[in-house]
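Colleague: Could you take a close look at one part of this model for me? I'd like the packing in the interior first, then whatever else catches your eye.

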Amino acid sequence: MDMDADYTVPGGSSFRDVTSVFTLASQEMDPGSIVAIDAFSLSDAMTATEIGEPRLDTGIQLENTERPQFDPLTPLLPEEICWIIDRSMAYETEWHASNPLAHTVFTLLYVHCLNDVDPDVLPFLPMIDLDSSRPLELITVILRAYTSGLLKSCSIAWNELSKGSLLDTEDWHSDKSDVSLLEGWPVKAAIARLDTALAWLSTTTKGSATIMARCPQNQSPVPSDYTPLLQSARHSLSVIRAHPCESISSSSPAHAAFDPYIARQLNTFLPVRVIDVPSLEQTCDAYERLLNGWEDLAKLSKTYQISTWNQVGFHQSWFNAPAAQPAYIRSCAQTLFYDGIQIIHNQAQSWLVDRLFEETIGVSYHVFAQHWGGQGSAALLDLERKIIHTIIPHIRGLWNNPARRRRFLVKSIFDWHIIYDTLCALVEGLDVSDNIDPVTFRTLNQFSKAVVPWRLASITEVILSGFQLELYHPLERPFAYWFAAQVTDVHLNYLDVLLNGMAGVVPQESPSRKEMQFQQHFLVALQAMSMAMFVSLIRGLPPNTIFDQWEQLRANLHRRYKWSFKTAYDMCDFEPVVLEPDFTQFLREVHVIQDLGRERGQSQDNARNIKVNDQRYSLRSPSEYFELAQRLLQTLISTNNTGTLNGNWGHDRMKLLRGMSEACQELRPYLDESSSDAGDTSQISVTKLDWTRSSPNSAFKTPWFPSVRLHEGGTTALSSGGNS
């Protein structure tokens with residue numbers, strides 16, 4: 001083969017071209033087949049050659065790369081022990097952030113030599129020759145106890161994550177590379193070893209306080225002991241923040257305690273990837289999120305309202321997108337709600353059926369069931385099974401990562417309609433002459449409406465979560481806001497019927513009524529903000545852009561909202577409440593907005609009416625929509641109205657309300673400015689809306705609306721691609 005004469009090939013240059021041999025041999029093989037020998041798999045073949053692909057390339061170890069020799073019994077100073085502990089804590093948080101163990105926790109070499117530092121099996125050493133400032137107990141007692149606790153902590157988290165609630169390699173990495181996490185070692189033994197370390201530290205003075213604050217961090221809380229353990233952990237974390245370890249010299253032997261390339265020596269198929277070690281502040285923030293998650297779990301374990309679980313599930317993803325809470329906490333929440341047998345520790349699955357109606361409309365399911373033979377009767381068995389099999393995955397799905405959570409919600413949209421269809425069929429088939437008075441019959445009719453708010457809330461979340469996940473093309477954004485506003489309008493109508501209509505059944509002073517009244521104010525504000533964005537985005541487009549690109553846009557929207565075009569709906573007896581988006585209605589309102597833009601100087605009314613195709617529309621300016629939304633939000637804020645959520649969850653809901661109010665305040669002046677030139681879009685030379693949530697400089701106040709920034713922009717043609 002032709003080779004540069006100056007290029008030295010390892011092993012010499014006497015090579016022969018064997019391409020023809022492989023070409024001839026391949027003719028005898030079937031497409032897609034491979035030839036392999038025993039103990040040499042496809043994975044081995046793919047990792048044998050370094051091809052530069054980060055997911056496959058194990059990397060090359062340069063000849064001039066020398067690492068300091070690691071001796072686990074090398075005496076260390078207290079500040080060096082603190083440095084090692086802090087760095088390993090940072091790596092633990094990186095594993096919880098969905099990085100492999102081989103690239104994080106296992107880079108601590110003491111993990112692989114715990115037996116070598118066991119004081120009970122160490123041979124006799126001339127202890128008197130050791131430096132008194134570097135007692136060997138810092139290794140054999142303190143660091144050994146910490147490392148054991150670290151591994152046991154990872155083992156507990158691994159056991160929870162391996163239950164399958166979250167997906168391996170998507171939310172976390174399960175590969176242990178044949179390294180022990182002390183799986184068979186009791187938790188109490190790990191705690192006892194940590195207690196022994198703390199007892200030894202109490203006998204010394206130098207560096208003891210900072211080390212003691214770091215040792216208890218790996219204790220795993222037991223549900224009955226949550227409160228004192230959380231308080232202790234938070235105190236220790238505050239000490240760590242206040243007393244960071246001293247910096248160590250570049251020649252310190254502590255540096256040898258970590259090998260970022262340890263994966264080369266482990267039994268793993270993963271390529272080597274060096275993880276950037278977070279700062280102490282970032283590490284403490286990650287531990288704070290874990291502690292907050294445990295605090296939420298403690299509170300959820302005593303929460304027996306599925307509507308609260310539903311709201312908390314939504315809120316935790318709104319404020320922590322895109323990563324949400326750590327995978328371990330999210331898996332624990334799913335297991336806590338349903339462990340495969342019972343609901344929230346001790347409730348039967350049938351308990352969910354009664355809670356659905358009790359919490360949504362304030363009326364017990366038994367009021368409905370008695371007309372068909374009571375709960376669990378043959379006539380209601382199918383209905384109750386559908387409710388159980390819908391609520392459990394719906395609630396658990398809220399603790400998935402944002403993208404998969406959206407998929408769970410899409411599936412639940414159809415499942416909620418199946419329940420609605422079954423309830424309607426049962427009521428329709430009821431013999432009204434069987435001593436059922438009109439009031440009771442109207443009440444029975446409301447039971448089918450009890451599931452509608454759950455379905456509509458799921459639809460709204462599916463639409464708006466597309467902004468969090470950055471799914472939408474610029475031309476799809478106006479439609480998403482318009483569709484969300486339409487769904488919200490139907491949602492409000494149903495709440496009004498349940499609260500104030502002739503057949504209103506929600507009791508006065510009940511928690512259900514209190515939450516519905518909050519939702520009324522909140523949804524009106526959300527609808528107004530969505531309409532403001534719809535109107536402003538349409539005005540910001542060049543004239544007729546939507547109509548000129550409608551064929552491609554319609555195809556993209558059909559794929560984007562394919563869940564609303566399911567043919568399975570045709571098999572149901574009753575039409576769903578909100579199904580396919582009305583493209584004709586959307587185009588009519590786009591036409592209205594563009595007409596209003598051309599006539600902006602002819603009318604200054606707050607609400608402008610235009611007749612299009614014999615239909616009359618009333619649209620407000622973006623500024624007026626934001627003003628309405630801000631007024632409603634301020635009413636909720638000033639009265640401290642958080643519905644049925646209280647404590648930390650009420651604080652989170654209030655934080656959302658304030659963020660939405662601030663977004664109205666921020667967006668309103670910009671939209672006034674851009675709307676003033678709506679009739680002449682050529683004058684709009686800058687785009688101030690920031691949609692990129694992954695940007696490090698982004699400061700989004702809400703999960704669903706953009707922030708304002710200055711940068712040069714322009715119009716974008718619609719492509720045929722797009723995520724679904």
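Modeller: Let's start with Tyr 561: not counting neighbours within four places in sequence, Tyr 561 is in contact with Ile 463, Tyr 472, Phe 479, Ala 480 and Phe 483, where contact means heavy atoms within 4.5 Å. This is a predicted model, so local features need pLDDT of at least 70 and side-chain atom pairs count only at pLDDT 80 or more, while totals for chains, interfaces and linings use all residues. Residues are numbered from 1 along each chain as its sequence is written, and side-chain values use heavy atoms, with hydrogens and water left out.

Tyr 561 also belongs to the largest nonpolar core, which has 197 residues; Tyr 561 is listed there with Ile 84, Phe 337, Phe 368, Phe 534 and Ile 546 as having the most contacts inside it. The largest share of this core, 15 residues, comes from helix 18 (residues 511–539). A nonpolar core here is a set of buried Ala, Val, Leu, Ile, Met, Phe, Trp, Tyr and Cys residues joined through side-chain atoms within 4.5 Å. Buried means under 20% relative accessible area, exposed over 50%, and partly exposed in between, with a 1.4 Å probe and protein chains only. Helices are DSSP runs (H or I, at least four residues), numbered from the N terminus.

On to His 315, which sits in helix 9 (residues 306–320). His 315 counts as buried because its relative accessibility is 5%. Again leaving aside neighbours within four places in sequence, its contacts are Leu 645, Asp 652, Arg 653 and Leu 656.

Helix 8 (residues 280–300) is worth a look too. Its 21 residues should span 30 Å at 1.5 Å a residue, and the end C-alpha atoms are 30 Å apart, so the two agree; the expected span is 1.5 Å times one less than the number of residues. Buried residues of helix 8 include Tyr 287, Trp 294 and Asp 296.

Now the backbone. Most residues other than glycine have a negative phi. Ser 98, in the loop between helix 3 (78–96) and helix 4 (137–161), has a positive phi near 80°. Asn 640 has a positive phi as well, near 55°, and is found in the loop between helix 22 (622–638) and helix 23 (647–676). With a relative accessible area of 55%, Asn 640 is exposed.

Last stop is Val 18, in the segment before helix 1 (19–26). Val 18 counts as partly exposed because its relative accessibility is 38%.

Terms used. Helix = DSSP H or I, 4+ residues; strand = E, 2+ residues; numbered from the N terminus.
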